[in-house]
Amino acid sequence: MSTTVPSTQQIEVEETIKRIQTHKGVHGFVIVSNDGSFVRSTIDNSTTMSLTGLIRTLSDKAKSCVRDLDPQNDLTFFRIRTKKQEILVAPDKDYLTIVLQANEQH
Amino acid sequence: MSTDQRKRELEEKRAKLEKMRQEKMLKNTPTTPMTPGFASIPAMTLTTTREDADPDKILKEVGILQTASLPATSPSVSPGSAGGASASASSSQQKRRPPSSIALQICQQPTATISVPPKELVTYSKEVQTIESGDKDPAASPIQHEHLQWDDEFPQPTAGERNQLVYVSDEDTMSFDENTKPSIGMSLASVAKLERTRSLKQQNKQFSLQGQSSLVKQELTNEEREQIQKSEQFQDFFSRSARIIERSLWESPQAFDLFKDYSGRESDEQNEKMDVGEIIKFDREFFDERWTRHRIVTCIDTSTYHPELVLASYSQNDESTHESDGVVLIWNTKFKSKPTPEYVFNCQSWVTSCVFSKFHPNILLGGTYSGQIVVWDTRTNKRTPVQRTALSASSHTHPVYCLQVIGTQNANNLISISNEGKMCSWNIEMMTQPQESMDLAYRTKPVAATRMVFPGVEVNNFVIGSEEGQAYSGSRHGNKAGIQDSYEGHFGPITGLSCHNVNGSVDFSSLFLTSSFDWSVKLWSLKESKPLNSFEVNSDYVTDVRWSPVHPSVFLTCDITGRFDIWNLNHDSELPLLSTTLDGNVALNKCLWSHNGQQIILGDDQGKLRLYDVNEFLTNPKQDDFNKLSSTLQEFKRNTLDAFDDNHPTSVPTTTTAATTSATSVSHNS
C-alpha cells in the first residue's frame, strides 16, 4: 500500500468518528482491541476501562451464546437499551466499537 | 557449616601448608643455584616467579595478618600453594587452573594496594546495574524472570548466605581483596545483597503488576495507537464497524418507536399513508457536503440485487481542485436520515455514466470523461477502481456517455458508447481491451452518440440518441451491422432516451421516448421515422425522460428549470398528470424510477438527489391501461396523419401508410 492511501483513510476515520461523535445524543465513542487495550476513546480513562472491561465480557458471552446456538452464526451487533442511555456495541474479529447514546428527552 | 568445624579445617590446612613450604624450601635449594641472587631481590622474584612465592610472606609484606584472611579463602589458597609443588600436584590437577589467575593478583597487590577497594566497588555496582538494567524492561529478557524466581526463593540474608555471596564474587576474580579485607568484602557483599534484594523486590512488584495489567488492560502509547490505526486490519474493521454504528445511530428514530410506551399517553403516531389525491410525496434527499457539493449529478442507477441502493455519479468539482474529479456514491434509500453515503468511489477523470453490473452484486462500472471505463468493487476497502481500461485508439478516446450491461447471467457484456461515435463491447472480467468495437456511422456520417439503449432483453438491436438531434436504431451483428434507421425530429442534442419496457397484454417494445435541448419530448416507434407525438410543455432544455418500469402509459421528464413532470398518456396526452417545479433555482439533470416504480429519483446540478414516493395508482396498472394506450397511440397516428395531410394535401407518403398499418395491427393484437 502506498503511503498516501493510509493517510486519506486516516482522514476518513477521523471524519467518521467526528460525525458519529457529533450525532445527537452521542456522548462516548470507544474502540477496544480484543486484548483489552483501547485504541480510541472519547471519554476519560477510568470510565473507558471499566466500560470496556464490562462490555467485553458481555460481548464475549453474547458471542458464545450465538455460536452455541448455531456454530455457523456469529454476533455482529447489539444495542443495550437502558433507561438513561443506549449502548451500541459492534464486535468484530480484532476490535470492538462501543458507542454511548443518551436517550431522547421528552 | 559451623565456625568451630571451619576453624579445625583451617588449622589442618595451615599445618599442611607449613609442610609444603618446608618441602619447597628443600627443593628450591638444589634445583636453583641462583638462589642467593634470587633472594637478594625479592620484588623481582615476586613478579616473575609467582608460583614459587610464599603467599603468607606476601601477605605479611602487604600488612595483612594471615589468620584473618584465611577463613574465607581456604579453598582458593590451598590449590594456589599446591601449584608450586609439582610433586603434590597430581591430586589437584584440575584445581590448578583457576587459582593461577588469583596468584596473579596476589603479585599485583603490593603495587596497587590502595587502588583496589574503589575498583572493587565499581565491579560490584556493575553486577547490581545488570539487575537494574533488567529492571527497566523485565519483560524483555526471559533470563531475568528465571533469575528473579531463583533469587526469590532465598531466605533473609544469614551468615551462610553471606559466605555464599562472597564465594560468588570470588568467581568474579575479586577473591584476594575480599580475603585480605574481609570486613570490606562482607559489607560490600551485604550491600550488594541488599541492593539486589531491593531491586528484585521492585522487579517482583513490577512483574506482578504487569501480570495483573495484562489481564485487565494494557495502556497503549500514542505511537502504538497510531500504528494500530494505520494497519490495514484496523481500516478494514473500521469501515465495517463504522457503517453499522452510523446506520444504527441515524436510523434510531425508527427503532425508537419499538420502545415507545403508549399506555400512559395519547398516541401521536403520524399518518405515514399518502393522501389519496397526492401523486408524489417527498421522501428524502441525498447530499454530501464533501463529495457532492458543486457537482452535477451525471448519472443514476439502481441495483438489481439490492433495489434500495442507488448509484450516482457526479461531475468534477470546479470550486475545489484538490478533490478527485471522479466521484461515484452509493446511497441507501431505505435509510431516511443517515446523511452519509454507503460507499464512496473515486477516479481521476470525472464520471459521465455509471451502472451497477446487472449480474454481479459487488461490481460497479463507470464511464469517464477521458474515455476510460473503470470498475469498482464494493468488496475491497479501496475507493479507487480495481480495474480500468487503457486509453488507446482501440477503445474510447472521448467521453463515455452511456454504459449498459446486456445479456444473461452466464453470457453478458458491457456495451459502452462514446461521443466520437464508437461502440465497444467488453468482457467485465477482462477490461484490458474491448472484445468488439464498432464505429457508429449513418450513411458514412459519424454519429456523435449521447444516449444508447438496448430495449428489453435485447442484445443485438439498439437505439441511439445523438448530438445532432437524430435518433438511430441499429444492430451489433448480422449482415447489416451498424446503424440502419434514423429518426429525425429534434433540433437539438438528444439528452434522454428511454425504451418502453413494460410487459403486458400488448407489446409496446417498439416505443421509445427522447428528450432534447429543443424543449420537447418526442414519442417514437421504431417502425416509423417520424415521431408519434411531441410533448411541448417545457420552456427550457429537457434533460431526461424515463418510462415507468411498471405502468405502460406513465413516464417522467425533467428539465433545467427544476421542473419535473409525470405524464400519463391514458389520462392526458397534452398535459402532464403532475408538474412540479423545485425551489431554489436548481436544474434537474437526471431522473430515474426505482425498479418497482414506487419511487422516483431526481438528480440536479447542485449535487443533490431527491427521492419521491409515487402513489400506488401509478405503480399498479390496470389491465385496460394497455388497451387504452393502444387507442391513445392510434389517436396520435391519426393526428400526425391529419397534420401531414394538412401540410401535404396532395401526396400521401409510403411511410405514413406503413405507420397506419402497423398501428392497426397493434390494436388488433389487443
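**View 1. The largest nonpolar core of the predicted model.** This core holds 94 residues. Seven positions touch the most other members: Leu311(B), Ala312(B), Val328(B), Leu364(B), Leu365(B), Ile464(B) and Cys591(B).

**View 2. The surroundings of Ala312(B).** Ala312(B) is among the core residues that touch the most other members. Neighbours within four places in sequence are left aside here. Ala312(B) is then in contact with Val297(B), Cys299(B) and Ile300(B). Its contacts also include Leu329(B) and Trp331(B). Gly603(B) and Leu609(B) complete the list.

**View 3. Another core, apart from the one around Ala312(B).** This core has 23 residues. Among them are Leu88(A), Ala90(A), Tyr95(A) and Val99(A).

**View 4. Where chain B meets chain A.** On the chain B side, 25 residues are in contact with 30 residues of chain A. Two helices of chain B, α11 (222–230) and α12 (232–250), each supply at least two residues of the side that touches chain A. The largest share comes from α12(B), with 14 residues. By class, this side of chain B has 12 nonpolar residues. Seven polar and six charged residues make up the rest.

**View 5. Chain B as a whole.** The secondary structure of chain B comes to 16 helices and 30 strands. Chain B has 670 residues, and 35% of them are buried. Among contacts in chain B with a separation of 6 or more, 55% join residues 24 or more positions apart.

How values were computed:
Residues are numbered from 1 along each chain as its sequence is written. Chains are lettered from A and ligands numbered from 1 in the order in which they are written. This is a predicted model: local features need pLDDT of at least 70, side-chain atom pairs count only at pLDDT 80 or more; totals for chains, interfaces and linings use all residues. A nonpolar core is a set of buried Ala, Val, Leu, Ile, Met, Phe, Trp, Tyr and Cys residues joined through C-beta atoms within 7 Å. A residue is buried if 20 or more other C-beta atoms lie within 10 Å of its own, exposed if 12 or fewer, and partly exposed in between; C-beta atoms are placed from the backbone. Two residues are in contact if their C-beta atoms, placed from the backbone, lie within 7 Å. Helices (H or I, at least four residues) and strands (E, at least two) are DSSP runs, numbered from the N terminus. Ala, Val, Leu, Ile, Met, Phe, Trp, Tyr, Cys and Pro count as nonpolar, Asp, Glu, Lys and Arg as charged, and the others, Gly among them, as polar.
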